Amino acid sequence: MPITDSFVLVTGASGFIASHIVRELLARGYRVRGSVRSLAKEKDFLHLRAMPFAERLELFEADLLQGGAFDDAARGCSHVIHTASPYVLDAKDPQKDLIEPAVQGTRGVLASCKKAGTVRRVVLTSSMAAITDEPESDHLLTEEDWNTKSTLERNPYYLSKTLAEKEGWKFLQEERAGFDLVVVNPFLVIGPSYSPGLNTSNQLFVDLLKGTYPGIMNLTWGFVDVRDVALAHVLGMETATAQGRYICAADTISMRDVVALLDSKGWGEGRKLPKLGLDCSVGDFAVKISSYLQPKGVGSYLRTHVGRVPRFSHAKIERELGLAFRKVEQSILDTVEDLKKWGHIA
Ligand code: NDP
């Protein structure tokens, strides 16, 4: 049973994660509003129109950088799930391309919610990037942790997520907004996509299978399935007692284990899975040196992640929202199957 007869707005509705949220909301009987950047780009949201119960979905046009852009979409909504934010590791102009849309967008969406006067809760998609940009093997990350290291030069996407989430909490503190805020902090989100576009996080598997990596690096990724992330947002919206931030991450897996998994299931045949072992101290050194030849965003990611194993607790989301995570190995296999379906890999 839906918890509201009013509308639920999902910003950035055509995106990888948001499409799953829209589908979950429609399936649960909600009346959904989705914002897209341009209503003229119909092919970007055809998949939303084709979803079961899409007769309960209305689309609005809204750009994060335009003041008041979300006023119409938020009017009459009881709940808003704000996912829209640029997700690219390598931006030409990080201030303009990442920070401004992320921060102004969050403020703009929350201002529209306040203006609407009907919104009871906003669920914000933040990221593990707002928790840390350089995991330390001897520190268990929890919702208490904040990324204090990212700059425009170093992991600027991480900075955009940190500043956007802080803007959200600041808005709530300073304005008598009349709604509460629940924040979901996912790690790398993988899984099947409803749209033909290739998400930045799923790109990782395309790169692995197409030989972009020179060898097996000492990288350990934290993953979470997009279907679990979507459910986390909906549970964050529906659970009356939900509060604060929620780390949303299933587990970690090393690049070596990902390669072994893909190989064992036949994905290596005829493709270019990395073979050369760079996951040793000499390899770490070589990767760090060669990272300076990479595009800036990729380079700083490598320097802050090579040789580091993220450790985190997802106890809060399991306990308070009742979320049970899918196994990372199955998510990886579902992802590559889906990438093949969409033609991203041969
Ligand atoms: P997508 O790129 O698929 O979705 C991002 C959405 O934001 C798109 O709908 C995009 O619209 C929209 N958007 C970007 N800039 C603007 C703008 N200026 N005005 C209006 N809309 C805009 O990525 P994801 O689904 O992966 O990301 C969704 C959210 O999840 C983001 O906040 C991201 O930071 C966060 N996240 C993602 C993770 C991941 O691994 N994928 C991990 C942790 C957090 P358009 O299609 O027009 O560009």
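Here is a short conversation about the ligand site, the cavities and a pocket of this predicted model.

Me: What makes the chain as compact as a globular protein of 346 residues?

Reply: Start with the make-up of the chain, which comes to 12 helices and 12 strands. The globule rule gives 20 Å for 346 residues, and the radius of gyration is 20 Å, close to that value, so the chain is as compact as a globular protein of that length. Along the principal axes, the C-alpha atoms fill a box of roughly 60 × 40 × 40 Å.

Me: Thanks! Now the ligand: which residues are closest?

Reply: Phe16, Arg37, Thr83, Tyr157 and Lys161 are the closest, in a shell of 25 residues. To belong to that shell, a residue needs a heavy atom within 4 Å of the ligand. By class, the shell has 12 nonpolar, 10 polar and 3 charged residues. Elements that each supply at least two of its residues are α1 (16-27), α5 (156-174) and β7 (188-190).

Me: Why does the pair between Thr83 and the ligand count as a polar contact?

Reply: The cut-off is a pair of N or O atoms within 3.5 Å. A polar backbone atom of Thr83 sits 2.7 Å from an oxygen atom of the ligand, so the pair qualifies as a polar contact. Phe16 offers another case, with a polar backbone atom 2.8 Å from a ligand oxygen atom. For Leu64, a backbone N or O atom is 2.9 Å from a nitrogen atom of the ligand. As for cover, the ligand has 880 Å² of accessible area on its own, and the protein covers 86% of it.

Me: How many cavities of 30 Å³ or more does a search of the whole structure find?

Reply: The search finds 2. The name cavity applies because a 1.4 Å probe fits there but cannot get out. For the largest cavity the volume is about 60 Å³, and for the second largest cavity it is about 30 Å³.

Me: Which elements give two or more residues to the lining of the largest cavity?

Reply: They are β5 (121-125) and α5. The largest share, 3 residues, comes from α5. Thr83 and Lys161 are among the lining residues, and both are also among the residues closest to the ligand. The lining splits by class into 3 nonpolar, 6 polar and 2 charged residues.

Me: What lines the second largest cavity?

Reply: Its lining includes Ser193, Asn199, Asp338 and Trp342. Counted by class, there are 3 nonpolar, 5 polar and 1 charged residues. Asp338 is a charged residue of this lining, because Asp counts as charged.

Me: And what makes a pocket a pocket and not a cavity?

Reply: A pocket is an open set of points, whereas a cavity is one the probe cannot leave. In the second largest pocket there is about 160 Å³ of space. Ile131, Thr132, Glu134, Glu136 and Trp146 lie nearest its centre, out of 13 lining residues. That lining comprises 4 nonpolar, 4 polar and 5 charged residues. Glu134 and Glu136 belong to the charged class, because Glu counts as charged.

Technical notes: Residues are numbered from 1 along each chain as its sequence is written. This is a predicted model: local features need pLDDT of at least 70, side-chain atom pairs count only at pLDDT 80 or more; totals for chains, interfaces and linings use all residues. Side-chain values use heavy atoms; hydrogens and water are left out. On a 1 Å grid over the protein atoms alone, a cavity is a set of points where a 1.4 Å probe fits but cannot get out, and a pocket is an open set with protein on both sides within 12 Å along at least five of seven lines; lining residues have an atom within 4 Å of a point. Grid points are joined across faces, edges and corners, and a volume is the space filled by probe spheres set on the points. A polar contact is a pair of N or O atoms within 3.5 Å; within protein, one must be able to donate a hydrogen and the other to accept it, and residues adjacent in sequence count only if both atoms are side-chain atoms. Accessible areas come from the Shrake-Rupley method with a 1.4 Å probe; for residues, only the protein chains shown count as cover. Helices (H or I, at least four residues) and strands (E, at least two) are DSSP runs, numbered from the N terminus. The radius of gyration is taken over C-alpha atoms; the globule rule is 2.2 Å times the number of residues to the power 0.38.
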